[in-house]
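Welcome! Open your viewer, get your selection tool ready, and follow along one stop at a time.

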Amino acid sequence: MGKFDLGSRFDGAVCLISTVGLLSPDGFSPHLEAAARHLRPGARYLVQQGVFGPEDALWRSEWDAERNGVKLQVVWEAFERDAALLQERSRSRVEIVTGARAGEVVEDLHATTFWTTEAWRQAIAASPFTQVACYDGREDDRPAVDLDRGGGLLWHELVAP
Ligand SMILES: C[S@@+](CC[C@H](N)C(=O)[O-])C[C@H]1O[C@@H](n2cnc3c(N)ncnc32)[C@H](O)[C@@H]1O
């Protein structure tokens, strides 16, 4: 996602669940350039990425998931952050409750970009895109919200030039 050439243009693009947060701030710009090159003028790029206030508390998400008789208990929490360097470390713990692998625990550490609302605004302003809206992905009806409100599952509606 940092550099790609698909040889054609599209009417829209999506990127889910803070995937772009896996890119460093320096890696995000070429991604936006590449995405813009693949979109027709006026096309939308819907990006889901959490953005926060520099002083916001460390986040913690906990949820259960189930599919085909396999139940999971998932905890994902940020445990370290350097807002000035836009860096965050988090850990995920997936406990397999039922199914063939019941009792197993899968733990991972993650190093991601901690996007403050100001840094996000500057990154988009420096890109070919224009951000025209923001939606709260935590709410079922995904209401339009102000970017400055921040949030972990925000959707950003970007318009290609
Ligand atoms: C949050 S997950 C994607 C979730 C998926 N879009 C979904 O909705 O279920 C992020 C994925 O991006 C992959 N990834 C990390 N860096 C990448 C890169 N530079 N280019 C492409 N994929 C990358 C990771 O391996 C991981 O599988």
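Before we start, one term: the strands named on this tour are DSSP runs of E with at least two residues, numbered from the N terminus. Keep in mind, too, that this is a predicted model.

**Stop 1: the two domains**

Colour residues 10-52 together with 115-159 in one shade, and 60-111 in another. The first selection is domain 1 and the second is domain 2, as given by the domain assignment. Their C-alpha centres are 24 Å apart.

**Stop 2: the largest pocket**

Rolling a probe the size of a water molecule over the atoms shows where empty space is left. Here, the largest pocket has a volume of about 820 Å³. To find its centre, select Ile-17, Ser-18, Trp-59, Gly-152 and Leu-153, which are the closest to it among the 29 lining residues.

Now show the strands β3 (60-67), β4 (70-82), β5 (87-96) and β6 (105-113): each supplies at least two residues of the lining. Which strand gives the most to the lining? The answer is β5, with four residues. Both domains take part as well, since domain 1 and domain 2 each contribute at least three lining residues. Colour the lining by residue type and you will find eleven nonpolar, 14 polar and four charged residues.

**Stop 3: two hairpins**

Keep β3, β4 and β5 on screen. β3 and β4 run antiparallel and are paired over eight bridges. Pick Ala-65 and look across to β4, where Leu-72 is its bridge partner. The two strands make a hairpin with two residues between them.

Move on to β4 and β5, which are also antiparallel, this time over ten bridges. Select Glu-77 and you will find its bridge partner, Arg-91, in β5. This pair of strands forms a hairpin too, with four residues between them, and Leu-86 in the turn has a positive phi of about 55°.

**Stop 4: unusual backbone angles**

Most residues other than glycine have a negative phi. Go back to the loop between β3 and β4 and select Asn-68. Its phi is positive, near 50°, although Asn-68 is not a glycine. Is Asn-68 buried or exposed? Residues over 50% relative accessible area count as exposed, and Asn-68 has 74%, so it is exposed.

Next, select Arg-142, in the loop between β7 (130-136) and β8 (154-159). Arg-142 is another non-glycine residue with a positive phi, of about 40°. With a relative accessible area of 48%, Arg-142 is partly exposed.

**Stop 5: aromatic rings**

A pair of aromatic rings is described by the distance of the centres and the angle of the planes. This model has five aromatic pairs. Start with Tyr-45 and Phe-129: their ring centres are 5.8 Å apart and their planes meet at 45°, so the pair is tilted. The pair joins distant parts of the chain, with Tyr-45 in strand β2 (residues 39-48) and Phe-129 in the loop between α2 (117-125) and β7, 84 residues apart. Tyr-45 and Phe-129 are both buried.

For the last selection, show Trp-115 and Trp-120. How are these two rings arranged? They are edge-to-face, with 5.6 Å from centre to centre and 85° between the planes. Trp-115 is buried at 2% relative accessibility, and Trp-120 is buried at 0%. Add Phe-28 to the view, and you have a cluster in which ring pairs link Phe-28, Trp-115 and Trp-120.

Definitions and conventions:
Residues are numbered from 1 along each chain as its sequence is written. This is a predicted model: local features need pLDDT of at least 70, side-chain atom pairs count only at pLDDT 80 or more; totals for chains, interfaces and linings use all residues. Side-chain values use heavy atoms; hydrogens and water are left out. On a 1 Å grid over the protein atoms alone, a cavity is a set of points where a 1.4 Å probe fits but cannot get out, and a pocket is an open set with protein on both sides within 12 Å along at least five of seven lines; lining residues have an atom within 4 Å of a point. Grid points are joined across faces, edges and corners, and a volume is the space filled by probe spheres set on the points. Ala, Val, Leu, Ile, Met, Phe, Trp, Tyr, Cys and Pro count as nonpolar, Asp, Glu, Lys and Arg as charged, and the others, Gly among them, as polar. Domain bounds come from an automatic or database domain assignment. Two strands pair if DSSP finds at least two bridges between them. Buried means under 20% relative accessible area, exposed over 50%, partly exposed in between (1.4 Å probe, protein chains only). Rings of Phe, Tyr and Trp (its six-membered ring) pair if their centres lie within 6.5 Å; planes under 30 degrees apart count as stacked, over 60 as edge-to-face and the rest as tilted.
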